[in-house]
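Welcome, and please open your viewer. We will take a short walk from one stop to the next, with something to select at each.

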Amino acid sequence: MERVRLRDRQVVWIAAVLAVLLVTFSVLRPGSFATSFNLLNLVSDAAILLLLATGMTYVIITAGIDLSVGGVLVFSAVAATKIMDATGSLLLGAATAVLTGLAWGLLNGVLVAKGRIPALIVTLGTLGMSLGGALLLTGGVDLRAPGDLNLGLGLARWLGVPQIAWICAAITAVLAVALARTRFGRHTYAIGSNAEAARRGGVAVNRHLIRVYGLAGLLAGLAGYLSLAKYGITGVSAHSTDNLQAIAAVVIGGTSLFGGVGTVVGTVIGVFIPVVLQNGFQILGVRPFWQQVVVGAVLVAAVYVDQWQRGRRDQ
Amino acid sequence: MERVRLRDRQVVWIAAVLAVLLVTFSVLRPGSFATSFNLLNLVSDAAILLLLATGMTYVIITAGIDLSVGGVLVFSAVAATKIMDATGSLLLGAATAVLTGLAWGLLNGVLVAKGRIPALIVTLGTLGMSLGGALLLTGGVDLRAPGDLNLGLGLARWLGVPQIAWICAAITAVLAVALARTRFGRHTYAIGSNAEAARRGGVAVNRHLIRVYGLAGLLAGLAGYLSLAKYGITGVSAHSTDNLQAIAAVVIGGTSLFGGVGTVVGTVIGVFIPVVLQNGFQILGVRPFWQQVVVGAVLVAAVYVDQWQRGRRDQ
Amino acid sequence: GGTTTQSGPIKVTLIQGLAGEEFYETMACGAKAKAKELGVQLDVQGPQKFDPTLQTPIVNSVIASKPSAILIAPTDVKALIAPLTQAKQQDIKIILVDTVVDDPNIGLSRISSDNVKGGAAAAKALAEQIGDKGKALVISTDPGVSSVDARIKGFEEEIKANHPGISYLGVQYSHNDVSEASKIVNAALAKDPDLAGIFATNLNSATGAGSALQQAGKLDKVKMVGFDAGPAQVKQLQDGVVSALIAQLPGEIGAKGVEQAVAAVKGQPVTASIPTDSTIVTKQNLNTPEIQKVLYKAGC
Amino acid sequence: MSSAPLLEAREIVKSYGHVEALRGADFSLSPGEVVALIGDNGAGKSTLAKILSGTERPDSGEIAVDGEPVVFGSVEEARSAGIETVYQDLALCPDLSPAGNFFLGRELLKPGLLGRLGWLDNAAMRGRTKEACERLGVQLKSQVAPVSTLSGGQRQGVAVARAVTWARRVVFMDEPTAALGVLQTQRVLDLIRGVRDSGVAVVLISHNMQDVKAVSDRVEVLRLGRRVARFDTARVSMEDLVGAMTGAIEHENDR
Amino acid sequence: MSSAPLLEAREIVKSYGHVEALRGADFSLSPGEVVALIGDNGAGKSTLAKILSGTERPDSGEIAVDGEPVVFGSVEEARSAGIETVYQDLALCPDLSPAGNFFLGRELLKPGLLGRLGWLDNAAMRGRTKEACERLGVQLKSQVAPVSTLSGGQRQGVAVARAVTWARRVVFMDEPTAALGVLQTQRVLDLIRGVRDSGVAVVLISHNMQDVKAVSDRVEVLRLGRRVARFDTARVSMEDLVGAMTGAIEHENDR
Ligand SMILES: Nc1ncnc2c1ncn2[C@@H]1O[C@H](COP(=O)(O)OP(=O)(O)OP(=O)(O)O)[C@@H](O)[C@H]1O
Ligand SMILES: Nc1ncnc2c1ncn2[C@@H]1O[C@H](COP(=O)(O)OP(=O)(O)OP(=O)(O)O)[C@@H](O)[C@H]1O
Ligand SMILES: [Mg+2]
Ligand SMILES: [Mg+2]
């Protein structure tokens, strides 16, 4: 079995790649890139993706995958908007988003765990269902968030940093620790490492898988609410690449698609590398098409540096 | 290790699901669905995806993945158009498309095999690079195929079936046999099953991986040329979901994302199930948003039937 | 924002609604030509999808790079207000091109094309082509893309209001995928062999639909109206794949946008609102000079 | 055989597709005894062990614990009946540390609030794992390296130590010493005796007749998915054992 | 030791991260002899075998074949020097059939044009695999089922049969009988003698001292990554072997 092993030391390497990018851009455009304005924007742009990618990290460590996150996000945002429009309560809206996301996640989990259907198919199916469902609810027209959500939570800051970024950072931190230090995290690794061994070891594999997918769904639901607050619209057409973005972040961060290894810290770095690249190139004024080319190349190079440091394996 | 095992018997099951779908739609709408006109269209629409999915089958059986197919397709089509515009030779255009595709594929293969970079990252990178490259070559404006390609190969039929469909079917058939019956196919399975064991067994794992990705790239290049003939346009913005479509077809067809198992025959069925569903629901007059929901649900159900037949595993 | 004149070279950034689309690329061409003429530096940026969540980070990056002015085609009337307000606070002049935002305080000048009107024009063109009767289908990209939704809205309203003879079959979504569009038309033909007309709201939809019609040998029976007038679309028109095109004026929008931006930066008066029109292009009027002028340019 | 059997299996049938792994196998185990389950390769020993430890479900047949019929729906159920197993393929999670595997499904948590939140007490788990492995003579050079980096024998040591530590009534050991060194094998045999003396019954599956003779009280022989013979170890010769396994002798009818 | 060694390793060092698997290990093998390589769990036996069969590369140290220094860059290179290996973890592809594994990397092709195209001769491969396995007494119930469905012993049988069939000069066997039944073990020991008699040298890694005594000509003992003793099998006692493995005796200085 070829398994890429992730040691703490190796997260350091991919972090070093990120640091090099940050330094390079700062040197090239000190007055634009390395400003608190720009760095805060970076953080705030990455915040919502961070939630999705953190959930995805758990799922991928169990050797699963979740393609449905974008659809669930949109569905939850739509459901929340409907509830908020009906009741006027932002809190109820938040609850709706989170619970709707959780419900979709649990559905994924049940189908994967009990139905033994490949996660890719399950979540591709629920992606279609949730997106289609959101479109049915809205008639295909983007809904707008209530103004006091968009102008409230959407713009609010603590210590100069957007509240949304704080929320995402806090949740990510909690889940990073939970993965590394708790029984829940341990079982997540065990299942991805060898599901049969975990089962024989007495881990309730099915229940755990359902929880993990539920968690990913819940985070997608919350992301839907935060995205609603931030952008003020449900974005029914805007989230079709969320899944790939999140998966890419997870894999860049050193989590193996074959399960069993990975960290949330790695994922955080994996979220920031493409965001920083894109931002840096935009500030440098690189044309969009070139950006696509260069971001692609740097991505491969970044992971290569990491991989190469993990020791040149024999041929 | 949880590995879904694919026996011939099991391809039969997913084929049965497809048959049920065909029969159901035929009974519901005999005059519209079950016409030779409509069925021919189904085949012709699926033909090009079939090429991509066949290449993807090889890649996934080695436990890899290729997200770059859509970008490579577009890049090859653009390169071919440029060459045809310059030289006026359709044949040179075809050669250009195939070779360009091959080159991208080999690049993927080298990075995966020698660079030991996860295939997801490599091909996500080359997806960006090839799409960006195509946009750079065209300035973002779609190029037109030469008229004699579009009106020639694009419309030509043999025995009433579009030549493009014949070509795709023939190539798929050859590759299906090659996978099942030749040494090349055997090594593909071996690498996906246990790359280390294959290496110790004397299989030139790296060289083989490079070839497999090269094959997938070559097929994407050819698909680019055929798509150019069929639609008369390079479609620079039109292929962003090709990769997921192809992967879904492969997985529906019973190939495991963990490698080692799978058949091209399964993939063929996996290509047709979503195509038939979409076509059938549209003919039934199901509203577009409902289509998305129902296609998602039926997809999961179809694979479930298959999975369930593979034997209810113990909890 | 203030009206202080700026020293040093004037730097303008155009933020497209969607990078790599003919409409916006033509707009960029027009803007570039004008920028060259006026001796200002022009950068072009754009998201890979027509999507506010992708455009917002770009706006933020562009703000960080401190241009004198931003030309932007906002991808949403609300979502872009916040980032553009930030830009305004940094004293960057904002000119809205093609699309707009809901906040009237944003955009010193708005040079807009009216997609609802464009859709209505498409309905008129299609009605004329099919003799005001028969079944008509719309093929679009994805639901929720506001500019395209507006075209559909205009189309539907016009059909319902003024063309009772046309039976409207509704919208199918191709997800901007040619083969998907082809599949849709194939199924539509199987379901309604007497289909009379198609409105394809963008290039990829028209391409796929055209291919399906061509394969079915129905090009002359089913009339199609496309949107935008890039070289590829014009070729389709010449080949008889589509019978009419709705042309907007992206190049002009770009050029005017740069003009206004430069004026704003220099503290000269700007025009608050410049509407632009859409034109119906057919095979018949294609070669007239007025029409040749509105066709989109192929790269630059 | 006297005394109510602790664990009994009757007429167990299990097929995988066309392959009949068990064709009506019987088995019984009394409290506090060490039974060796022997048989040729492919005789069905591992399959029987998996069925009796809840990992696989039989197609037909009955299982009884203390004379009460039971159905093991999951490993959990067998475990709560006090049954632990060392699987032939070890069933370790390659990416977890030895301690992670040792305590898999039974993790030690920190005391207090943290523990309530599921916080792992890694230090304690490492310590106890080290101890248990060293009792078998298995030295682990690193406590945090994943088990995939251990040598074959080290892995087996972890698996054996785990099962023995948690078993309350029965422990199945499917070729527990196959990869172990001479010293470690000796320790495992000692351990088996120790376990038996502490009241836990042991089922030893092994191809090593010396070991079988050295440690077991009784021997049951499987052949082609059926029990073909049972012996008291003290009264059986090596030749008889080999004969029963290879089919030269059939004994079962004497029960 | 007289006669130019067929295969010789000197001062081999290999570390995995912080773990020093080999700390200057020596090894030598003469043509036509059976050498048993023994040692405690984790002594480095498998690592040495992997290095000498081209699977892993040493950090330092020399390897010589027929007195000529060689560097095995890949398994291919070791194989073309006539060296085959039965790995402790077997190294089979679980999804391939026994025949697929047996002929992995050396597939038989149909004669003629089809063969040129890479067409497999599955029937022939199955036949020869069946034969080779049966020679070891390993019966495969299905020729097409993937090896992941075989019993532990059946898998090992396939791996042993494969290595022995292809070896021309040396075959490494890393605990080849660990999962085998009594009969099959006997057959493998016979096979080892047969292989030796046909001129192929055998390196047997085993924890079973009976087997070692029964079949080997010489014994080399590894301890903590170093060779600590070498014996002529005929002249060594069981106690000496165990003593050398556990560190009670150090012999190496006598070389
Ligand atoms: N999952 C499975 N699928 C198909 N066949 C199986 C499976 N598991 C076991 N078998 C078959 O059942 C038979 C009995 O296997 P089992 O592993 O119980 O034998 P065993 O007595 O433990 O042999 P060994 O001594 O070699 O370990 C074998 O022929 C094997 O091929
Ligand atoms: N890939 C690896 N990564 C890290 N450590 C390893 C790796 N392979 C082996 N080791 C370590 O090297 C040491 C020697 O291992 P090796 O497998 O060679 O022992 P062995 O003598 O074959 O033992 P056994 O008799 O148990 O099979 C062990 O401590 C083991 O943990
Ligand atoms: Mg067994
Ligand atoms: Mg070993």
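Which residue in S9(D) does D:Ile38 stand opposite? Select D:Ile38 and look across: the residue facing it is D:Val221. Keep in mind throughout that this is a predicted model.

**Stop 1: the two strands around that pair**

Now select residues 34–39 of chain D, which form strand S3, together with residues 218–223, which form strand S9. These two strands run parallel, and 5 bridges join them.

**Stop 2: the whole sheet**

Widen the selection to the sheet in chain D that holds both strands. The sheet is open, has 6 strands and follows the order S6-S7-S8-S3-S9-S10, with mixed pairing. To find its edges, pick residues 83–86 (strand S6) and residues 226–232 (strand S10) of chain D; each of these pairs on one side only. From one strand to the next, the twist averages 20°.

**Stop 3: helices across the sheet**

Next, select helix H1 of chain D, residues 45–52. This helix lies across S3, S6, S7 (170–174), S8 (201–205) and S9 of chain D, and runs at about 140° to S3(D). Then add helix H7, residues 182–197 of chain D. Helix H7 lies across S3, S7 and S8 of that chain, at about 150° to S8(D).

**Stop 4: an arginine in H7**

Stay on helix H7 of chain D and pick D:Arg196, which lies in it. Is D:Arg196 buried or exposed? It counts as buried, because its relative accessibility is 19% and the cut-off for buried is under 20%. Show what surrounds this side chain: leaving aside neighbours within four places in sequence, D:Arg196 is in contact with D:Gly32, D:Glu33, D:Val34, D:Val202, D:Val215 and D:Asp217. Of these contacts, D:Val34 belongs to strand S3 and D:Val202 to strand S8.

**Stop 5: a patch on chain A**

Move over to chain A, turn on the surface and select A:Trp158, A:Leu159 and A:Trp166. Together they make a nonpolar surface patch of about 390 Å². A:Leu159 sits in the loop between strand S1 (157–158) and strand S2 (161–162) of chain A. With 78% relative accessibility, A:Leu159 counts as exposed, since the cut-off for that is over 50%.

**Stop 6: how the chains meet**

Finally, zoom out and color by chain. There are 8 pairs of chains in contact, and among them chains A and B share the most contacts. Chain C and chain D, on the other hand, do not touch, with their nearest C-alpha atoms 36 Å apart. No contact joins chain C and chain E either; their closest C-alpha atoms lie 35 Å apart.

Key. Residues numbered from 1 in each chain as written. Chains lettered and ligands numbered in written order. Predicted model: local features only at pLDDT ≥ 70, side-chain atom pairs only at ≥ 80, totals over all residues. Heavy atoms only, no water. Pairing = 2+ DSSP bridges. Helix = DSSP H or I, 4+ residues; strand = E, 2+ residues; numbered from the N terminus. Axes fitted to C-alpha atoms, helices over the stretch in contact; angles between N-to-C directions. Contact = heavy atoms within 4.5 Å. Patch = residues over 30% accessible without salt bridge, like charges linked within 9 Å, V, L, I, M, F, W, Y side chains within 5 Å. Areas by Shrake-Rupley, 256 points an atom, 1.4 Å probe, with all protein chains shown as cover. Salt bridge = Lys/Arg side-chain N within 4 Å of Asp/Glu carboxyl O. Buried < 20%, exposed > 50% of the residue type's maximum accessible area, 1.4 Å probe, protein only.
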